[in-house]
Amino acid sequence: GASAVSTKLVTAKAVSLSGESLTVVGIHGGSRYELPSLARATPFPWMAVRRSVALDDGTDLVAGYSWLGRVIGMRQETLDMREAYDLSVAPGRRFAVWVRQVDRMLVRLRSGEPTPEDIVVDPLTEAVAISTDGEHLYAAHTDEVAVWSALGVLEGLHRAEGMELVKVAVSGDGRFVAAGAREGTVVLWRSGEAEPCARYFDHDERVPALAFSTDSRWFASGSWDRSLRVRDLAAIDVPAQALIARLEGRYGMDLGEALGRPLLGAGTVEK
């Protein structure tokens, strides 16, 4: 059996692992711990911390509500005294991207590089995700997801009319893009297609958390309504009526009658 060591934290907002170091940040600051003992190695001087990510060179990027900082070993420095709207790290931790609140600039910091680089101004961006190959950035707007190349060239849009998107994620195989909305809707697109292939209405509040499984078979959404939903992406390519028939056979009931309304199809059962 695996052994475990624990420590008590206050208002933890984010946790990241890099090699033998664990970084934990929260409202009252943050610290770096050495594994496996959890001996505290570096306390952070910043307060009101809300997010951190680790790069593969051992750098921690730490975002607060009005600043962005960097921790390298025992050295700590402030990179920007402006708010970072979102902070995302590329697979393999080769670089991180954030949205600078004051001008909605997408900014990138590469592993091992001393200075961040501006990519492109996207004034509508609320959140950002990075493709597995690092070649594309997905920026969530109010009612669409913009697809930017790594060089800052707009390559496409995924539309979500009537939504207020607050989070975006992309599957590891690049086939799907998902977004969470302020009112609780989750929207799913096939990569390269403007219109959604599915909309899910099974959350009641804001959806700020999305994740795809490593094999791109499943994706999960978490909501402020305290619910977590996990969905099978293999069902996307199965005709809606076949899915309904499969479920009715499994549960021995007419699902439309049980729900008290007609079924609209897979992934679109209104509450």
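Residues are classed as buried when the relative accessible area is under 20%, as exposed when it is over 50%, and as partly exposed in between. The structure described here is a predicted model. With a relative accessible area of 47%, Arg 75 is therefore partly exposed. Its partner in a salt bridge is Glu 77, with a separation of 3.2 Å from N to O. Glu 77 is likewise assigned to the partly exposed class, at 26% relative accessibility.

In total, the structure contains 16 salt bridges. Side chains of opposite charge can pair when their charged atoms come close. A second such contact involves Asp 118 and Arg 100, whose side chains meet at 3.5 Å, N to O. This pair connects distant parts of the chain, as Asp 118 belongs to strand β12 (residues 117-121) and Arg 100 to strand β10 (residues 95-100), 18 residues apart. The two partners fall into separate accessibility classes: Asp 118 is partly exposed, with a relative accessible area of 45%, whereas Arg 100 has 10% relative accessibility and is buried because this value is under 20%.

A further salt bridge is formed between Asp 232 and Arg 217, where the closest N and O atoms lie 2.4 Å apart. Here too, distant parts of the chain are linked: Asp 232 is located in strand β23 (residues 228-232), while Arg 217 occupies the loop between β21 (209-212) and β22 (218-222), the two residues being 15 residues apart. Asp 232 has a relative accessible area of 25% and is partly exposed. Arg 217 is also partly exposed, with a value of 35%. Beyond individual pairs, Arg 70, Arg 75 and Glu 77 are joined into one network by salt bridges that share partners.

Burial was also examined for a strand. Strand β5 (residues 49-54) is largely enclosed by the rest of the structure, because five of its six residues are buried. In a regular strand, side chains alternate between the two faces of the sheet. The pairing of β5 with strand β6 (residues 59-64) is antiparallel and extends over five bridges. Within this arrangement, Ala 54 is positioned opposite Asp 60 of β6. The β5 and β6 hairpin has four residues between the strands, and Gly 58 adopts a positive phi near 90° in this hairpin.

How values were computed. Residues numbered from 1 in each chain as written. Predicted model: local features only at pLDDT ≥ 70, side-chain atom pairs only at ≥ 80, totals over all residues. Heavy atoms only, no water. Salt bridge = Lys/Arg side-chain N within 4 Å of Asp/Glu carboxyl O. Buried < 20%, exposed > 50% of the residue type's maximum accessible area, 1.4 Å probe, protein only. Pairing = 2+ DSSP bridges.
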